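Here's a quick tour of the side-chain pairings in this model. Have a look at the structure first, then we'll start with one charged residue and work outwards.

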Amino acid sequence: NTVCFGQLYGMSDHLSFNLGRSGYRAYKYVPYGEVHEVIPYLLRRARENSSIAGGAAAELSMIIGELRRRLNPLRPATA
């Protein structure tokens with residue numbers, strides 16, 4: 001029995017990274033097709049996942065902290 005996690009590409013990459021690091025299979029998917037076919041799907045997914053805005057802010061904060069850490073490794077990062 002295998003448990004796999006699938007996520008829309010570009011969403012919550014920190015979650016899929018941690019799942020993979022913990023030994024779970026995590027994959028990303030990309031919807032493709034004509035714009036008039038794909039946009040309604042993406043809008044529906046955004047409505048279903050009301051945490052997108054908060055998750056994006058948290059992910060941006062982590063990215064900024066990591067950039068600060070890499071650019072100045074002697075000073076602790078603060079987001």
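## D13 and its partner

D13 has a relative accessible area of 36%, so it counts as partly exposed (the class between buried, under 20%, and exposed, over 50%, with a 1.4 Å probe and protein chains only). Its side chain meets that of K28 in a salt bridge, at 2.8 Å from N to O (the rule asks for a side-chain nitrogen of Lys or Arg within 4 Å of a carboxyl oxygen of Asp or Glu). The two ends are 15 residues apart, D13 in helix α1 and K28 in strand β2; helices (H or I, at least four residues) and strands (E, at least two) are DSSP runs numbered from the N terminus. K28 is partly exposed too, at 29%.

A word on ground rules: this is a predicted model, where local features need pLDDT of at least 70 and side-chain atom pairs need 80 or more, while totals for chains, interfaces and linings use all residues. Residues are numbered from 1 along each chain as its sequence is written, and side-chain values use heavy atoms, leaving out hydrogens and water.

## S16 on the same helix

S16 also lies in α1, but at 13% relative accessibility S16 is buried. Its side chain makes a polar contact with the side chain of K28 at 3.4 Å (N or O atoms within 3.5 Å; within protein, one able to donate a hydrogen and the other to accept it, with sequence-adjacent residues counting only if both atoms are side-chain atoms). Beyond neighbours within four places in sequence, S16 touches Q7, A26 and K28 (heavy atoms within 4.5 Å).

## Strands and crossover

β1 and β2 run parallel, paired over five bridges (DSSP has to find at least two for a pair). F5 has A26 as its bridge partner in β2, and L8 has Y29.

## The aromatic pair

What kind of aromatic pair do F5 and Y24 form? The structure holds one aromatic pair, and F5 and Y24 meet edge-to-face, 5.6 Å centre to centre with 85° between the planes (ring centres of Phe, Tyr or Trp, its six-membered ring, within 6.5 Å; planes under 30 degrees apart are stacked, over 60 edge-to-face, the rest tilted).

## The α3 network

The salt bridge count is three. In α3, E66 meets R69 at 2.5 Å and R70 at 2.7 Å. Shared partners join E66, R69 and R70 into one network.
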